[in-house]
Amino acid sequence: MSKKTHVTATLNGETVEFLCEPRHSLLEVLRDTLQMTGAKEGCNNGNCGACTVMLNGRPVNSCLVLGVEAEGATLETVEGIASHAHLHPIQQCFLEGAALQCGICTPGFLIAAKALLEQNPNPSEHEIRFKLANNLCRCTGYDKIVKAVQAAALELQKAAP
Amino acid sequence: MAHTEELYLGKKSYNVIGTRPIRHDGADKVTGKAVYTSDLHLPNLAHGKILRSPHAHARIKSIDVSEALQVPGVFAVVTHDDFPDLENKVANLGEAGMVNLLELGANCLAKGKVLYKGHAVAAVAAASTHVAEEAVLKIKVEYEVLPSVTWVLDAMAPTAPILHENLRTDFMGKKEDKPTNVALHLQFEKGNIAEGFQSADVIVEREFKTASVHQGYIEPHVTVALWNEDSRLKIWTSTQGSFVCRQQVAELLGIAVSQCVVVPCEIGGGFGGKIAVYLEPVAALLSRKCGRPVKMSMQRNEVFEGTGPTPGSFMRVKIGAKKDGTLVAGEAWLAYDCGGFPGGVIGPGCMCVFSCYEFPNAKVDGFDVLNNKPHTQAYRAPGATQAAFACEQVIDELAAKLNIDPIEFRLKNAAKEGTRRVDGPVYPRVGFIECLEAAKNSPHWKTPLTGKNRGRGIAAGFWFNIGCASSCSASVNDDGRVTLVEGSTDIGGSRTSIAMQLAETLGIGAHDVQPQVADTDSVGYTFLTGGSRVTFATGLAAYQLGLDLQGQMKQRAAEIWGCGADTIKVENGNYSHNGHTLSFKQLAAKVAENGLPPVVGRASVAPEGSTNAFGVHIADVEVDPETGKVTVLRYTSVQDAGKAIHPSYVEGQLQGGAVQGIGWALNEEYFYDDKNQMRNASFLDYRMPTCLDVPMIETIIVEVPNPTHPYGVRGVGETPIVAPPATIANAVHAATGCRMTSLPISPPVLWKAISTKA
Amino acid sequence: MRSFEYEAPSSLAEATALLASAKGTARVLAGGTDLVVQLRERLRDADLVVDVKHIPELMELNYSPGMGLRLGASVPCYRIYENPDLVATYPALIDAAHIVGGWQIQSRASIGGNLCTSSPAGDTITTLIALGAHCVIAGPHGNREVPAQEFCTAPGKNLLQKGEILVAIVFPGPGQKSGSAYERFIPRNEMDIAVAGVSSWVRLDAAGKTIAEARVALAAVAPTPRFASEASQWLVGKPATAETFAHAGELAKKVASPISDMRGTAEYRTHLVGVLTKRTLAKAVERACG
């Protein structure tokens, strides 16, 4: 077993420190070491998007990032989307639009959708579908997810100054 | 058909039912707080890993675990020998079927032979998953590789490699005498098909085949087991039925069911694939050996290669009709594979193949066939999708030959109240005709489809709802809110649909009920989440629970007012007597203020027989003739829900089933190489639809009340997947003129058909 | 996953020294979207993983109309397609960068990584070939440059020697009246491996009617991505018409020697080469005229 490395990063606005082996993925570190279990493991090879988190402002599959690579990085997970006990509009729209059934893919979709709307506040249906294609959902048929993202876009536009 | 009680109340308006409240577990699920099994972290937790067979069929000559035990950080290793001596005992798992324990145990850890690639052989518990994984590779297994077979017809051939030497075909209760891979031969007959076909003006007969497909839930199988020193076994797991899981585990381990408690965690999809146990008994054995809780979870390739797909099939369907479109006879020959162990889904396949239509004469033969694939499991309307793929294409072809509109043709022959299915049952009030009418009047059907290489298809689907046992209990809090405890694991929002039925019954708001799914020690026996039963049967229990609570509330009011309970009127949650009125909430507060006994209610039900749900689907496709790729342009799903409790989640079932069905139609398959090894055991190569592969799915909910439920509910979870492959195939035929008789209709296959035709 | 050591050097010299002196197998980590999966699934092995994303030369993206593009080997795909200069000048590269995995993958995956994975189906490799790109390689004994079409040698193999590292990919300026396009065929619309892929680059004459120069390259139909030289040469001097594109497709098919597997039959893949060559040439010409 290789020696553990000390890593310091910012997670949902707070400084975190952890020890990890080089072979530990960021997903393992988040879930098992830091016990932030919001990001889910669906395939462990980058094909389902359930483990999506923000790494330095970009959405990534945390199963394909090594924990040691997070040194100095800024991370955001589903646990950091709501603030001050208020759901983010994207979370609220997922609930109001019934955009989840079993809920296992939801954290990944929320992170990807939030990142999309931050990059493009007014995406077309095609762009939403293109950008969310790395996130698999087996329950909903995607209809209500796409509509929830469209609804959240409108909410965020209304809220924008 | 078993006697079913008329329970429908015929209410004209509802307060809660039919509204769209936010689901009760919603906040947990959008903030990452919901606890799925994999999210558990117990003190002193060990991690388990499974060694799986690299061969499709082999005899295990020896297993040497000594080197694995030497790896630092390894706590225990188990093989099949660690199970108690399992007899050929059959456990009745209710509608989940009769399960032979010897076979169930041999599926969890192979006994003597491995029967498919990915078959579990041994398991390790260690300090971390990485250590367990390294130790697993140090287990030495000596195999004698045997010839293998994966195609269902090859497996039926007299020369096929035999999987189980002692197996004999069961033909309607009689055992045949030769070794075989055909475990079961079913036969159903109605009328006289020879005479029926003689009277036909047109006959269409075709052969169809379908590949194995997986349920594809995003959460892999995962479990945590803790076998305590007091010999109590506690299991946290991702299961569709905590009680059914408990029963399987207890039987396999030779312990009493009451010695085992199963805690159902949130479940990340199941679709039928999370009923049978895989990891649970193995984790329990490891836990007993190492004295720690043991967590086991599968990687995605293990899910594909080691857990249940739905059958690959070969089908021959022949249907005859009169010139005026009246169906006169139908004959079907269905062979479904069941993988390495007997007991697939051929039964429902036979029951469903002709279930949408009135056939005066019909005959169905069905075969349950062993082959070297994972043992098949239920997948949403198990067996019906394959059958509909065959039958609905023949129906489509007959309609075209007779020059009758496909909806009119179906309307003319539609199953209705009084229609007798080929396997015997006579339908009560069903809503198939209403679904066909709704499809005919839909915006989709009424909008002409234009453009090159495009086509529109339509097809119908049928599935049952089972009844079975459900229990729940509740207590009324001082603030008038009701805490509901139920045993149905919630895969898609059923907590809310159950809570809404209780709220409706009590005349309170949906969010005045707080539902929770309890473990097997904390709620009465509740059969699994499957068979489209939860909103129907557990909903029925919630209704009865509401009556129980209401009766008790009346008694408390009677004590407060000093009158007889039977003189109190209850309307919309208001309790009144002689000019006094208290709302449910006010009364609840008074109960506490006056120191009256708290109101605690319970109900348990076990409705018999089944109800039925029909659906009709419409698809528009465009085919790229140069590549054979199909794009779904527009899709509509029409279904009879009886009464939609929460319409958004009914729509969600229709949409999700349609997209699973589109995946099944176009790309999903177990792709086997010449060594019978699956070559696409990843989400990348298995190719379930992404959101870029499908359009919005339009839904039309038809409501023909189910007479056996107070609010008219029919289960909606399974019917949505039945029609899609046939619908897409009919649309592809309309676009290209090619009748696609095998699934998936993948680009290379369709391109070949188009280029051969030209 | 087997245990390994991890280093994140900040200079090329340090990286090549680490790679050259490593005991056992050393692997370069860029975006990790292939390597981490391969290590986890034990398709590849590593005793040392060298993260090269802290080396400035590997993260550099430098474009000028005169000099062309110098693309650091570890620059993630999104930096390419979010760069307006590149969108205008190397459309085939944009086409390819946009479809390497999904959005999350593109936050990490790089063109250099795609090249070093050396998959026959690598989406960006054919485009490097079609655009006439060169690979800059640093090693313990100095630097060398090789044409992209010579880089891959077999499925999963390339000409990098022990201690060597791919530093950058250099693209010539696109030239007047030129255009390019990459298309792959996949059964889904995203998240898939090419069943076949074709990248085409063309330069038209001044009138914009005749092909002055062309380069066509193929993916997933041979052990390595292939340059379709006969088709490319034949196109020179031909009118930019549908008939020309279709004939070039027939010639390109001759280079294809695909296998049959779960992604498609050999016959189907060969057929697709014709279809995709025709389509990418038409799109490249349209872009050249655009």
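This is a chat about two interfaces and two sheets in a predicted model.

Visitor: Let's start with chain B and chain A. How much area is buried between them?
Guide: About 4400 Å², and carbon and sulfur atoms give 59% of that. The contact draws on 58 residues of chain B and 52 residues of chain A.

Visitor: Which residues in chain B lose the most area to chain A?
Guide: V30(B), C691(B) and M696(B), which together make up 17% of what the chain B side buries.

Visitor: And how many salt bridges turn up across that interface?
Guide: The rule finds 5 between chain B and chain A. One to look at is E651(B) with K144(A), where the closest N and O atoms are 2.6 Å apart. As for polar contacts, the count is 29 residue pairs, with both residues at pLDDT 80 or more.

Visitor: Which helices of chain B supply at least two residues to the side that touches chain A?
Guide: Helix 1 (26–31), helix 4 (129–136), helix 18 (647–666) and helix 19 (683–686) each do that. Helix 18 of chain B gives the largest share, 9 residues.

Visitor: What's the mix by class on that side of chain B?
Guide: You get 27 nonpolar, 23 polar and 8 charged residues.

Visitor: OK, switching partners. What does chain A bury with chain C?
Guide: Chain A and chain C bury about 2600 Å² between them, with 59% of it on carbon and sulfur atoms. Chain A puts in 33 residues and chain C puts in 30.

Visitor: Which chain A residues lose the most area to chain C?
Guide: R23(A), R58(A) and L64(A), together 25% of what the chain A side buries. R58(A) also forms a salt bridge with E82(C), the closest N and O atoms being 3.1 Å apart.

Visitor: How many salt bridges are there across that interface?
Guide: The rule finds 3 between chain A and chain C. There are also 11 residue pairs in polar contact, both residues at pLDDT 80 or more.

Visitor: Which strands and helices of chain A each supply at least two residues there?
Guide: Strand 3 (52–55), strand 4 (58–61), helix 3 (106–119) and helix 4 (125–131) of chain A. By class, the chain A side touching chain C has 16 nonpolar, 12 polar and 5 charged residues.

Visitor: On to sheets. In chain C, what's the strand order of the open sheet of 4 strands?
Guide: The order is 11-12-13-14, with antiparallel pairing. Strand 11 (178–185) and strand 14 (226–227) of chain C are at the edges with a single partner strand each, so one side of each has no neighbour in the sheet.

Visitor: How many bridges link strand 12 and strand 13 of chain C?
Guide: Strand 12 (196–204) and strand 13 (211–219) pair over 8 bridges. For a spot to click on, W201(C) stands opposite R215(C) in strand 13.

Visitor: Which helix packs on that sheet?
Guide: Helix 11 (266–289) of chain C, touching strand 11, strand 12 and strand 13. The helix direction makes about 150 degrees with that of strand 11 of chain C.

Visitor: And the 8 strands in chain B, what order do they take?
Guide: They form an open sheet in the order 10-9-11-21-20-19-12-33, with mixed pairing. Strand 10 (174–175) and strand 33 (742–743) of chain B are the edge strands.

Visitor: Parallel or antiparallel for strand 9 and strand 11 of chain B?
Guide: Parallel, over 2 bridges. There, F171(B) has H185(B) in strand 11 as its bridge partner.

Methods
Residues numbered from 1 in each chain as written. Chains lettered and ligands numbered in written order. Predicted model: local features only at pLDDT ≥ 70, side-chain atom pairs only at ≥ 80, totals over all residues. Heavy atoms only, no water. Pairing = 2+ DSSP bridges. Contact = heavy atoms within 4.5 Å. Buried area = accessible area lost by both parts, 1.4 Å probe. Salt bridge = Lys/Arg side-chain N within 4 Å of Asp/Glu carboxyl O. Polar contact = N/O pair within 3.5 Å; in protein donor to acceptor, adjacent residues only side chain to side chain. Nonpolar A, V, L, I, M, F, W, Y, C, P; charged D, E, K, R; others polar. Axes fitted to C-alpha atoms, helices over the stretch in contact; angles between N-to-C directions.
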